Amino acid sequence: MVARPAPQVALVCFSLVDGGLAVLMPATASSRATSWPHVQLQAGEAPDVVIDALARKLLERSPAWRGQVGALVEGAHLNITYAAILPAGSTAPRGHAWQTVPRGGGSATVRAAVSHLRDRLDREPVAFRLLGPTFTLSDLQSVYEILLERRLHKASFRRTLLAAHVVEPTDAWRSEGRGRPAQLFRFSPRRRRGVQRAVRFELLG
């Protein structure tokens, strides 16, 4: 019997590029490539520790957010796959490039990673980590629409967002075309009775 290779930990890193979700790939990879930044897991090593070291080496910084997607089989390898996020405008590291994620997710690994981001939207600040420290509510709604792959009602979105107490206004404003300037907000969750309220945007039409 041929022994299965040792498991690998693989990093699927996302950011926003040109108004859409993009995934980090080797610069020479095709759109159908399944090769992700990875490292073999040695006996006794903790996957979380190994993936954090890989991310820092590749990105020269820690991701804004990361989470374990699960164990996925690619060819002969068992990959313990993690999804990670860099804020919009982040430069791809040397030898890599951002590739647009097609609607529906592309490869099985990307679909699984995007699904993981979507599943975490109402429990962790996934959408906020794709933005900079300040943003307009329109910016934030756009991120949710990209991840959920559907439009959200503007008034319902803002009402749900403010009711969840996860953002606070700043004193800064940003001009957006001919209309009135838009106020900038920051992520600042407020806890009530020790429990942070969930932001259930997936329920909005």
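# Close-up views of the predicted chain

**View 1. Asp 119 sits in helix α2, which covers residues 108-120.** Helices here are DSSP runs of H or I with at least four residues, strands are E runs of at least two, and both are numbered from the N terminus. This is a predicted model, so to speak: local features need pLDDT of at least 70, side-chain atom pairs count only at pLDDT 80 or more, and totals for chains, interfaces and linings use all residues. Residues are numbered from 1 along each chain as its sequence is written, and side-chain values use heavy atoms, with hydrogens and water left out. Is Asp 119 buried or exposed? Asp 119 counts as partly exposed because its relative accessibility is 45%; buried means under 20% relative accessible area, exposed over 50%, and partly exposed in between, with a 1.4 Å probe and protein chains only. Asp 119 and Leu 147 are 28 residues apart in sequence, and their C-alpha atoms are 9.9 Å apart in space.

**View 2. Arg 66 and Asp 48 form a salt bridge, with 3.9 Å between their closest N and O atoms.** Arg 66 belongs to strand β4 (residues 65-74) and Asp 48 to helix α1 (residues 47-59), so the pair ties together parts that are 18 residues apart in sequence. For the record, a salt bridge here is a side-chain nitrogen of Lys or Arg within 4 Å of a carboxyl oxygen of Asp or Glu. Side chains of opposite charge can pair when their charged atoms come close. Arg 66 is partly exposed at 27% relative accessibility, and Asp 48 is partly exposed at 35%. There's a third member too: Asp 48, Asp 52 and Arg 66 are linked in a network of salt bridges.

**View 3. Two other salt bridges are Arg 120 with Glu 124 and Arg 151 with Glu 145.** The closest N and O atoms of Arg 120 and Glu 124 are 3.3 Å apart. Arg 120 is partly exposed at 26% relative accessibility, and Glu 124 is partly exposed at 27%. For Arg 151 and Glu 145 the N to O distance is 3.5 Å. Here the partners don't match in burial: Arg 151 is exposed, with a relative accessible area of 66%, whereas Glu 145 is buried at 16%. A search of the whole structure turns up seven salt bridges.

**View 4. Helix α1 has buried residues Val 50, Ile 51, Leu 54, Ala 55, Leu 58 and Leu 59.** Looking down the axis of α1, these buried residues fall within an arc of 140°, so they line one face of the helix; the arc is that of the directions from the helix axis to the C-beta atoms. Flip to the other side of α1 and Val 49 and Lys 57 are exposed. What covers the buried residues? The cover includes β1 (8-17), β2 (20-26), β3 (38-40), β4, β5 (77-85) and β6 (96-100), where contact means heavy atoms within 4.5 Å. As a geometry check, the 13 residues of α1 should span 18 Å at 1.5 Å a residue, and the end C-alpha atoms are 18 Å apart, which agrees. The expected span is 1.5 Å times one less than the number of residues in the helix. After α1 comes Glu 60, with a positive phi near 60°.

**View 5. Helix α4 runs over residues 137-148.** Its 12 residues should span 16 Å at 1.5 Å a residue, and the end C-alpha atoms of α4 are 16 Å apart, which agrees. Buried residues of α4 include Leu 137, Leu 140, Gln 141, Val 143 and Tyr 144. Glu 149 follows α4 and has a positive phi, near 60°.

**View 6. Strands β7, β9 and β8 make an open sheet in the order β7-β9-β8, with antiparallel pairing.** β7 (134-135) and β8 (167-174) stand at the edges, each with a single partner strand, so one side of each is left without a neighbour in the sheet. Two strands pair if DSSP finds at least two bridges between them. β8 and β9 (residues 182-187) pair in the antiparallel sense over five bridges, and Glu 168 stands opposite Arg 186 in β9.

**View 7. The chain as a whole has five helices and nine strands.** Buried residues make up 42% of its 205 residues.
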